[in-house]
Each structure stands twice: as C-alpha cells, then as structure tokens.
Amino acid sequence: MNGWIYGYYAMLVTCFAISLFNLQYTQVRQLAVLLGFSILSEVMVEMIGKRDSHFFIVYHFFVVLEYSLITIILRSGIKDERWRLLMWVSIFVFGIVSLAHSFVYGGWRYFPGINITIESFLVICWCLLSFFSITPNSEASIFRHPDFWLTLAFFFYFAGSMCVNGFYNLLLAGDARSAKHLFAILNSLSNYLLYIMLIKSIICFRSNKISS
C-alpha cells in the first residue's frame, strides 16, 4: 500500500470524526453509519490482505450495504412518494441481484467490478433525481445547500468509479502490478474529492442550522 491510500484513509477517518459531532441531523447520522462501515471494511481488507488471503469477498458484501445506505441518504431529499418507493424497492432488488451474481457467476475471490458498475449506474440516476429535487431559497444559496454537496459528492465519485471498476479485472489479467498501482491512484483521488465534498455538506448542515 502506498501514500495515496494512506491519505485516503486519513480523509475517511476525518470525515467520520466530523460527522460524529453533527449527529443531530438525520442525513449526517446516516452518513456516519456509512462511513463507519467503510472504515470497518477497510480494516478487514487490510487484516485479510496481510495474510495474503483473498480479500475481495469483503467488497462483495460491502457494495450491497453501501448502495443501501447511499440510497437511503439520497431518498431523504426526494419528496415524490413514487420515486421514494422505487428507491426503497431498488435496495432489495440490487441486494439480491448483486449477491446472486457474486455467488453464481462472479466468484467471491474476484473484484466485484460488475456489481459496482451496476451500483454506480443506479446511484448516478438517484443523484440526478436528487439534483432536480433541490429547491434553494435563492439562486446564490445552492452552494450553501447541504443536499447539493452531498449529491455532488456521490455523483462525481460513482461516475469515476463506473469508468474504472468495470475494467479492473481485465486490467488485472493483463498487467496486475500496473493495474493495482493505477487503481490505487485513481481510487484515492476520487475518494479525496468525495470526502472533501461530504465534509462541505456537513458544514452546510451546521451553518444553515445556525443561520436559521
């Protein structure tokens, strides 16, 4: 593991710590749960990886949990009950399809690229829906709206991951060392951007409460 990933871990822990001081907001509480499971999964990957075991199995389960929590977070900003119901149903459908693909076709010992690609596509769709559901008080206040930064964080992260994760297994088959190095850099950079925007979102939740 290189410095890129250590930096990403530091950003993850920092974002989690900041969220713990703002648990009075529902979406921040949900985000804190997501960040907590993210930290736990990374710790498990590190522990399993140190023993040269196949650690991809952790991601096969985490991708289902991650999609569920992100959908719940984004669902909070959607007012149309039909879309809210569809998002709720998608959690169960994705969980079944993702785990079935891992068990029957994908294999637990391989990176769940297809699973993450499907997750990314669905999250991007919910992000677009969330963008259209944001109603700021004025045109200038959109950049002070917590839902804007929250949605933007997930949108950029999953748009990037969909471009990389779907081809990761193919890259591993060609040149495993270069593939892992490239993936570490790109994944870390996208995570930096993700957690910076999530921190900005939490700050906006707090500042909006203070100013209201």
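These are my notebook entries on a predicted model of one protein chain.

**Entry 1: the whole chain**

I began with the overall make-up. The chain has eight helices and zero strands. Read from the N terminus, the order is α-α-α-α-α-α-α-α. Next I looked up burial. Of the 212 residues in the chain, 45% are buried. Then I checked the surface. About 11,600 Å² is exposed, and carbon and sulfur atoms supply 70% of that area. I also asked how far along the sequence the contacts reach. Among contacts with a separation of 6 or more, 74% join residues 24 or more positions apart.

**Entry 2: the UniProt record**

I turned to the annotation. An unreviewed UniProt entry lists "transmembrane region" for residues 6-24, 55-74, 86-108, 114-136, 148-170 and 182-203. I looked up two of these spans in the model. Residues 6-24 are 79% helix and 0% strand. The end C-alpha atoms of that span lie 30 Å apart. Residues 55-74 are 95% helix and 0% strand. Here the end C-alpha atoms are 29 Å apart.

**Entry 3: helix H3**

I stayed with this part of the chain. Helix H3 covers residues 56-75, which makes 20 residues. From its first C-alpha to its last, H3 reaches 29 Å, close to the 28 Å expected at 1.5 Å a residue. Where does H3 bend? The bend is at Phe62, by about 30 degrees. I then counted buried residues. In H3, 15 of the 20 residues are buried, so the helix is largely enclosed by the rest of the structure.

I picked Phe61 in H3 for a closer look. Is Phe61 buried or partly exposed? Phe61 counts as partly exposed, because its relative accessible area is 46% and the partly exposed class runs between 20% and 50%. Leaving out neighbours within four places in sequence, Phe61 is in contact with Leu99 and Trp108. I also noted a distance to Ser41. Phe61 and Ser41 are 20 residues apart in sequence, and their C-alpha atoms are 9.5 Å apart.

**Entry 4: His54, in the loop before H3**

His54 sits in the loop between H2 and H3. Its relative accessibility is 47%, so His54 counts as partly exposed. Which residues does His54 touch, not counting those up to four places away in sequence? They are Ile48 and Arg109. Arg109 is 55 residues away in sequence from His54, yet the two C-alpha atoms are 5.6 Å apart.

**Entry 5: Gln27 in helix H2**

Gln27 belongs to helix H2, residues 26-50. With a relative accessible area of 13%, Gln27 is buried, because the cut-off for buried is under 20%. I wanted to know what surrounds this side chain. Beyond four places in sequence, Gln27 is in contact with Ile73, Ser76, Gly77, Asp147, Leu150 and Phe205. Asp147 stood out for me. The side chains of Gln27 and Asp147 are joined by a polar contact of 3.1 Å.

**Entry 6: Gly95 in helix H4**

I found Gly95 in helix H4, residues 81-106. Gly95 is buried, at a relative accessible area of 9%. I checked its distance to Val64. Gly95 and Val64 are 31 residues apart along the chain, and 5.4 Å separates their C-alpha atoms.

**Entry 7: Ser120 and helix H5**

Helix H5 holds residues 113-133, and Ser120 is one of them. How far apart are the end C-alpha atoms of H5? They are 30 Å apart, which agrees with the 30 Å that 21 residues should span at 1.5 Å a residue. The buried residues of H5 include Gly113, Glu119, Ser120, Trp126 and Ser133. I looked further at Ser120. Its relative accessible area is 0%, so Ser120 is buried. Neighbours within four places aside, Ser120 is in contact with Phe158, Ser161 and Met162.

**Entry 8: Ile199 in helix H8**

My last stop was Ile199, in helix H8, residues 176-211. Ile199 is buried, with a relative accessible area of 14%. Residues up to four places away aside, Ile199 touches Thr14, Cys15 and Ile18. I then looked up how far Thr14 is along the chain. Ile199 and Thr14 are 185 residues apart in sequence, and their C-alpha atoms are separated by 8.7 Å.

Technical notes. Residues numbered from 1 in each chain as written. Predicted model: local features only at pLDDT ≥ 70, side-chain atom pairs only at ≥ 80, totals over all residues. Heavy atoms only, no water. Helix = DSSP H or I, 4+ residues; strand = E, 2+ residues; numbered from the N terminus. Buried < 20%, exposed > 50% of the residue type's maximum accessible area, 1.4 Å probe, protein only. Polar contact = N/O pair within 3.5 Å; in protein donor to acceptor, adjacent residues only side chain to side chain. Contact = heavy atoms within 4.5 Å. UniProt positions renumbered as here; feature names shortened; annotations may be inferred. Expected span 1.5 Å × (residues − 1). Bend = angle between axes of the 7 residues up to and from the residue. Areas by Shrake-Rupley, 256 points an atom, 1.4 Å probe, with all protein chains shown as cover.
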